[in-house]
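Got your viewer open? Grab the mouse and let's take a short walk, one selection after another.

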Amino acid sequence: MVHFSTVALALASVLPQLTQGAGLHTSAVAKGKLYFGSATDNPELTDAPYLTQLSNTDDFGQITPGNSQKWDATEPSQNTFSYTNGDVIADLAAKNGQKLRCHALVWHSQLPSWVSSGSWTNATLLAAMKNHITNVATHYKGKCYAWDVVNEALNEDGTYRDNVFYKHIGEAYLPIAFATAAAADPDVKLYYNDYNIESAGSKSSGAQRIVKLVQQYGAKIDGVGLQGHFIVGSTPSQSAQTTNLAAFTALGVDVAYTELDIRMTLPSTTALLTQQSTDYKNTVAACMANTKCVGITIWDYTDKYSWVPSTFSGQGDACPWDKNLVKKPAYAGILAALGGTSSTTTTLVTSTTTAGSGATSVPLYGQCGGSGWTGGTTCASGTCKHINDWYSQCM
Ligand SMILES: O[C@@H]1[C@@H](O)[C@H](O[C@@H]2CO[C@@H](O[C@@H]3CO[C@@H](O[C@@H]4CO[C@@H](O)[C@H](O)[C@H]4O)[C@H](O)[C@H]3O)[C@H](O)[C@H]2O)OC[C@H]1O
């Protein structure tokens with residue numbers, strides 16, 4: 001039996017310590033970005049551990065509703081508007097003090113059939129589109145940091161996608177959509193958003209043409225959203241992305257990565273997860289290198305709720321957190337590009353008690369925040385009695 005003496009000394013031990021660094025959003029803001037964020041969706045919000053991490057503003061200073069502001073959700077039948085689910089996410093952002101990226105006013109997909117299969121003339125569809133934009137943007141007026149006004153208007157070769165709006169209105173639907181959104185909410189940032197425009201090529205040039213078209217029309221366009229739905233090992237290089245971002249910002253608009261995820265063919269391997277970390281790092285670094293790249297949003301943060309497996313058969317594991325909400329190497333890759341550190345070797349302050357014939361080192365209670373294991377008593381979700389508690393709760 002060991003008897004401890006009452007003498008306790010705080011000594012620096014030789015035990016290695018993993019020091020808590022700043023999270024993704026905190027690190028991004030420290031380097032001049034507006035936010036690091038995540039998409040989310042209503043069904044996931046009943047998952048308490050998921051919600052806790054989503055609401056952790058050290059990592060996420062911005063959220064995007066993945067589905068609940070789309071046309072089929074907000075105007076399921078003509079001129080009948082429904083904001084219940086969208087409001088839940090807008091309210092969550094407000095409660096957490098997170099920016100809300102609003103998504104998406106005009107898109108060819110997830111349209112109710114009354115729009116996609118309606119019998120339209122130029123005038124009737126124009127009126128319906130303007131009515132939709134005006135109602136939805138007015139409802140969320142003052143709540144959104146940005147709106148994706150038009151999503152995915154382009155084919156891969158940079159020509160216009162032959163969607164219902166283009167068919168009946170022509171390319172004018174784009175500037176008219178932007179002008180209508182600006183009239184409804186003059187302060188919100190207005191974005192054109194698309195995928196496969198993250199490196200130079202026909203589609204990126206097409207998106208630049210859209211920016212100029214809206215500008216020439218005299219309507220407001222503030223930014224271009226590069227979705228960033230990538231594949232591990234096939235992600236454009238950092239320099240290709242940097243050059244491409246510069247081509248957009250030279251037009252006088254902001255840019256943002258709006259839906260970043262990097263999928264792989266399952267099952268995942270250590271090599272794939274390592275490559276994924278590098279790929280995330282390169283994209284985040286490209287944004288960091290451009291002062292008009294305002295922020296980065298991942299298309300949900302955990303593999304548990306990623307849209308990828310249901311859309312791309314046999315693929316998945318695209319997010320920086322795994323299905324158990326444990327950080328993957330991708331997290332460290334992102335953080336490194338943001339200029340943060342996830343861990344460092346340092347010394348751990350311990351209380352040393354003398355015990356009979358010898359002494360033993362016992363870590364003090366610790367708390368999240370600050371620069372690491374700080375010797376308090378509160379962790380993110382409970383008391384840290386051991387460095388392992390602290391590491392799992394605070395890192
Ligand atoms: O619950 C999900 C939502 O999460 C989902 O949100 C949309 C996901 O991304 C955006 O649209 C997709 C972008 O990727 C396209 O596929 C690309 C094809 O080319 C490839 O090279 C590239 O890697 C792929 O990403 C999809 O065809 C688009 O649908 C859109 O902005 C989000 O709203 O929507 C469906 C819900 O079930």
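**Stop one: the cavity**

Select Lys 70, Trp 71, Ala 104, Leu 105, Val 106, Trp 107, Ser 109, Gln 110 and Leu 111: together they line the largest cavity. A cavity here is a set of points, on a 1 Å grid over the protein atoms alone, where a 1.4 Å probe fits but cannot get out, and lining residues have an atom within 4 Å of a point. Its volume is about 40 Å³, the space filled by probe spheres set on the points. Now color β4, which gives the largest share of this lining, 4 residues; strands are DSSP runs (E, at least two residues), numbered from the N terminus.

Before moving on, a word on what you're looking at: this is a predicted model, where local features need pLDDT of at least 70, side-chain atom pairs count only at pLDDT 80 or more, and totals for chains, interfaces and linings use all residues. Residues are numbered from 1 along each chain as its sequence is written, and side-chain values use heavy atoms, with hydrogens and water left out.

**Stop two: the ligand**

Which residues come nearest to the ligand? Of the 17 around it (a heavy atom within 4 Å), pick Asn 67, Lys 70, His 103, Glu 152 and Glu 259. Zoom in on Glu 152: one of its polar side-chain atoms is 2.7 Å from a ligand oxygen atom. Asn 67 has a polar side-chain atom 2.8 Å from a ligand oxygen, and for Trp 299 that distance is 2.9 Å.

Last, highlight β4 (99–107) and β9 (254–265), the elements that give two or more residues to the shell around the ligand.

Key. Polar contact = N/O pair within 3.5 Å; in protein donor to acceptor, adjacent residues only side chain to side chain. 1 Å grid on protein atoms, 1.4 Å probe; cavity = no way out; pocket = protein on both sides within 12 Å on 5 of 7 lines; lining within 4 Å.
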